[in-house]
Amino acid sequence: MGKSSLLFVLLLLLVLGYAQAQSRVDSLLTIFTKHPEITMVAAHRGAHLTCPENSLEAIKEAIRLRVDIVELDVRETKDHELVVIHDKKVDRTTNGKGKVANFTLAELKQLRLVYNNKVTTQQILTLEEALLAAKDSVIVDIDFKADTQEAVVKVCKLLQKHHMQKQVLFYVYHDYALIESIKQLDAQIKVMPRAYNKRDVKQILDYVGIEAIHIDFSFYNDEVATAIANYGSRVWGNAIETYDKEQLKHGTGYYKITQKHVSIIQTDYPEVLLYYLKQSGLHR
């Protein structure tokens, strides 16, 4: 083999090695930060219309569908473990009854998740189990429903343990003081506060390094969305309920929501939304 041929082979191996080293989440993070023109899709509670919500199956199915973001709800158990479940009670989503906060993790693990009113083999996940299922494959939106500062610290330490700080959005509700707390614990973690009105948007934009803002369409207008985009943040809007239902019934819901200046759309129908966005040139 000549020197030129050998050099070509070596360069090819280097390129292939680099491509393999790049995980899917690396590509998603590049899109998130550098391509705001691409609308990203968030699967509400994972792919929960075909699997138990917030389950391992729901996360895996969302990844298979190639969604960009998986939304997961995080609560704290009686023994201060972090688990993934939406409701304060286990009644609706499992074969048990009672408040999540009254169960230990071991007790919750004895329950089974319910899907279409049938008990499945799926268990309530710890946050760590959910993160490991998503690692390197999809961005995770941590919908933080725990109540303590200690729980915030635990989440951040868990992300650091698995080197996943860049891979998550930490969703903050009313308590905007958490923004600085999270950033002080680890500046790499993306924080997404929720704004309930225009005044909230102005307050949030006073903080430094906000990567996304969840807005309500009750006060949305293009001026507000443009201000957020000019700040350098993505605008998160929900298709859940209104736009999802209109899309299924009339085929117009996703057209309407994409006429707004939102760059992340959360949906109960990620496969349908992904297809629409790709057909419209808004996703790749």
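**A tour by selection**

Start with Arg 45, which counts as buried at 13% relative accessibility. The model on screen is a predicted one. Now add Glu 53 to the selection: its side chain and that of Arg 45 meet in a salt bridge, with N and O 3.2 Å apart. Glu 53 is buried as well, because its relative accessible area is 12%, under the 20% cut-off.

**The network around Arg 45**

Keep Arg 45 and Glu 53 shown, and select Asp 87 and Arg 92. The side chains of Asp 87 and Arg 92 form a salt bridge at 2.7 Å, N to O. Is each partner buried or partly exposed? Arg 92 is partly exposed, with a relative accessible area of 46%, whereas Asp 87 is buried, with a value of 17%. Through salt bridges with shared partners, Arg 45, Glu 53, Asp 87 and Arg 92 belong to one network. The whole structure has 12 salt bridges.

**Strand 2 to the loop after strand 7**

Next, select Asp 73 and Lys 145. Their side chains form a salt bridge whose closest N and O atoms are 2.7 Å apart. Asp 73 sits in strand 2 (residues 69-76), while Lys 145 is in the loop between strand 7 (139-144) and helix 6 (149-161), so this pair ties together parts 72 residues apart in sequence. Asp 73 and Lys 145 are both buried.

Add Asp 143, which lies in strand 7. Asp 143 counts as buried, at 5% relative accessibility. Which side chain does the side chain of Asp 143 meet in a polar contact? The partner is the side chain of Lys 145, at 3.1 Å. Lys 145 can therefore be viewed with Asp 73, its salt-bridge partner, on screen together with Asp 143, its polar-contact partner. Now show what surrounds Asp 143. With neighbours within four places in sequence set aside, Asp 143 is in contact with Glu 71, Leu 72, Asp 73 and Val 74, and also with Tyr 171 and Tyr 173.

**Helix 7**

Select residues 177-185, which make up helix 7. Colour its buried residues: Leu 178, Ile 179, Ile 182 and Lys 183. Looking down the axis of helix 7, you find these buried residues within an arc of 130 degrees, so they line one face of the helix. What do they pack against? Show helix 6, strand 8 (168-172) and strand 9 (190-195), the elements against which the buried residues of helix 7 pack.

**Helix 2 and the loop after it**

Move to helix 2, residues 24-34. Its buried residues are Arg 24, Val 25, Leu 28, Leu 29, Ile 31 and Phe 32. Seen down the axis of helix 2, they fall within an arc of 160 degrees, so they line one face of the helix. Turn to the other side of helix 2, where Thr 33 and Lys 34 are exposed.

Then select His 35, in the loop between helix 2 and strand 1 (40-43). At 24% relative accessibility, His 35 counts as partly exposed. Leaving aside neighbours within four places in sequence, His 35 is in contact with Thr 30, Arg 234 and Arg 284. For a distance across the chain, pick the C-alpha atoms of His 35 and Asn 230: these residues are 195 apart along the chain, and the two atoms are separated by 13 Å.

**Two cysteines**

Select Cys 51 and Cys 156. Cys 51 is buried at 8% relative accessibility, and Cys 156 is buried with a relative accessible area of 2%. How many disulfides does the structure hold? The count is 0.

**The whole chain**

Finally, clear the selection and show the full protein as a cartoon. The secondary structure comes to 12 helices and 12 strands. The radius of gyration is 20 Å, close to the 19 Å that the globule rule gives for 284 residues, so the protein is as compact as a globular protein of that length. Along the principal axes, the C-alpha trace spans about 70 × 45 × 45 Å.

Colour by accessibility to see the buried residues, which make up 50% of the 284. Contacts can be displayed last: among those between residues at least 6 apart in sequence, 57% join residues at least 24 apart.

Technical notes: Residues numbered from 1 in each chain as written. Predicted model: local features only at pLDDT ≥ 70, side-chain atom pairs only at ≥ 80, totals over all residues. Heavy atoms only, no water. Salt bridge = Lys/Arg side-chain N within 4 Å of Asp/Glu carboxyl O. Buried < 20%, exposed > 50% of the residue type's maximum accessible area, 1.4 Å probe, protein only. Helix = DSSP H or I, 4+ residues; strand = E, 2+ residues; numbered from the N terminus. Polar contact = N/O pair within 3.5 Å; in protein donor to acceptor, adjacent residues only side chain to side chain. Contact = heavy atoms within 4.5 Å. Arc of directions from axis to C-beta. Disulfide = S-S within 2.5 Å. Rg over C-alpha atoms; globule rule 2.2 N^0.38 Å.
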